[in-house]
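Subject: Structure for you to look through

Dear colleague,

I am passing on the structure we spoke about, and below it you will find my notes on what I found. Please keep the structure open while you read, so that you can look up each residue as it comes.

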Amino acid sequence: MKVYFIGAGPGAADLITLRGSRLLGAAPMVLYAGSLVPAEMLSHCRPDAEIHDTAELNLDQQEALYRRAQAEDKDVARLHSGDPAIYGATNEQMRRLEALGIAYEVVPGVSSFTTAAAALCSELTRPEVSQSIILTRTSGRASAVPETESIASFASHRATMCIFLSGQRLKQTVADLSLHYPPSTPVALVRRASWPDQSVHRSTLGKMLSEVKQKDWLLTTLLLVGEALSREGGVESSLYAAGFTHIFRDGDERKTKRASLQKENQA
């Protein structure tokens, strides 16, 4: 018997990985967070699967299901939204499984922050603009953010930032960001990325609050911030430049030198 922590992806049923879909389709027992994982994702389950929505279950009740599955020698697919490694609340489950002697495996998933970038058709890293991505969240009742990881302190780097659960504290988040990012900094709100009712709003840090109603962005909203989101042209990466040499391709200069050496050797 084994528990599989499977990243369901951001929402769309076809954004689960092939491995995740295969394991979900084989598991006789499935636990999923119905508040975050759409019911359409359950189409990957086998017809006779025993399915439990964990949105209404506390950790002790979930452990009881793991215990029963262990007694019945049934594998369990534990479906988490996005990628289980990011705000997945998996650590406490893993510790309990270890105490019970139950083996487990993690299957990665597509995170909502990369899905949000896809919705914007934006690259989050650009040469000489930002080569770093800061993933963070606003503080909440279920899990407080350490003071050393405040949005204001991260903003001092002026890297690309992806801020989870930002909708409920949008005004304060913008105020914290504005301590370091200029008002012209590109920003984007993405709500329910990849869901049928996905919402996207592009703006700048200085204008965004005057353009949106906070009540429309309360849940499952990501705020993306940084110059990398700009649609304006910039410096191109050297990776595909004709003159750039790397292990798989000679640049123009090296090709010329090599051709010259070949001529000398033939002479």
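I begin with helix α3, which covers residues 91–100 and whose buried residues are Q93, M94, L97 and L100. When you look down the axis of α3, these buried residues fall within an arc of 120°, and they therefore line one face of the helix. Please bear in mind throughout that this is a predicted model. The partners against which the buried residues of α3 pack are the strands β1 (2–7), β4 (76–80) and β5 (103–107), together with helix α2. Just after α3 comes G101, which has a positive phi, near 75°.

Two of the strands named above return in the aromatic pairs, of which the count comes to 2. In one of them, the ring centres of F5 and Y104 are 6.0 Å apart and the planes stand at 80°, and because angles over 60 degrees count as edge-to-face, this pair is given that name. F5 belongs to strand β1 and Y104 to strand β5, so the pair ties together parts that are 99 residues apart in sequence. The two partners can also be described by their accessibility: F5 is buried, at 0% relative accessibility, whereas Y104 is partly exposed, with a relative accessible area of 25%.

The other pair is formed by Y87 and F164, whose ring centres lie 5.1 Å apart with the planes at 65°, so this pair is edge-to-face as well. Y87 is found in the loop between β4 and α3, while F164 is in strand β7 (residues 160–164), so the pair ties together parts that are 77 residues apart in sequence. Here Y87 is partly exposed, with a relative accessible area of 42%, and F164 counts as buried at 9%. Y87 has a further partner, since the charged end of R137 sits over its ring, 5.9 Å from the centre. A similar arrangement involves R192, which lies over the face of W195 at 3.8 Å from the ring centre.

Next, please look at T54, which lies in the loop between β3 (50–53) and α2 (59–71). Although T54 is in a loop, this residue is buried, with a relative accessible area of 6%. Once its neighbours within four places in sequence are left aside, T54 is in contact with L31, Y32, A33, Q62 and R78.

As for the cysteines, the structure holds 0 disulfides. C162 is in no disulfide, and the nearest cysteine sulfur, which belongs to C121, is 15 Å away. C162 is buried at 0% relative accessibility, and C45 is also buried, with a relative accessible area of 11%.

Finally, a few words on the protein as a whole, which has 8 helices and 10 strands. Its radius of gyration is 23 Å, well over the 18 Å that the globule rule gives for 267 residues, so the protein is more spread out than a compact globule. The C-alpha atoms fill a box of roughly 80 × 60 × 35 Å along the principal axes, and 41% of the 267 residues count as buried. Among contacts with a separation of 6 or more, 66% are between residues 24 or more positions apart.

With best wishes

Note on methods: Residues are numbered from 1 along each chain as its sequence is written. This is a predicted model: local features need pLDDT of at least 70, side-chain atom pairs count only at pLDDT 80 or more; totals for chains, interfaces and linings use all residues. Side-chain values use heavy atoms; hydrogens and water are left out. Helices (H or I, at least four residues) and strands (E, at least two) are DSSP runs, numbered from the N terminus. Buried means under 20% relative accessible area, exposed over 50%, partly exposed in between (1.4 Å probe, protein chains only). Contact means heavy atoms within 4.5 Å. The arc is that of the directions from the helix axis to the C-beta atoms. A disulfide is a pair of cysteine sulfur atoms within 2.5 Å. Rings of Phe, Tyr and Trp (its six-membered ring) pair if their centres lie within 6.5 Å; planes under 30 degrees apart count as stacked, over 60 as edge-to-face and the rest as tilted. A charge sits over a ring if NZ of Lys or CZ of Arg is within 6 Å of the ring centre and within 35 degrees of the ring normal. The radius of gyration is taken over C-alpha atoms; the globule rule is 2.2 Å times the number of residues to the power 0.38.
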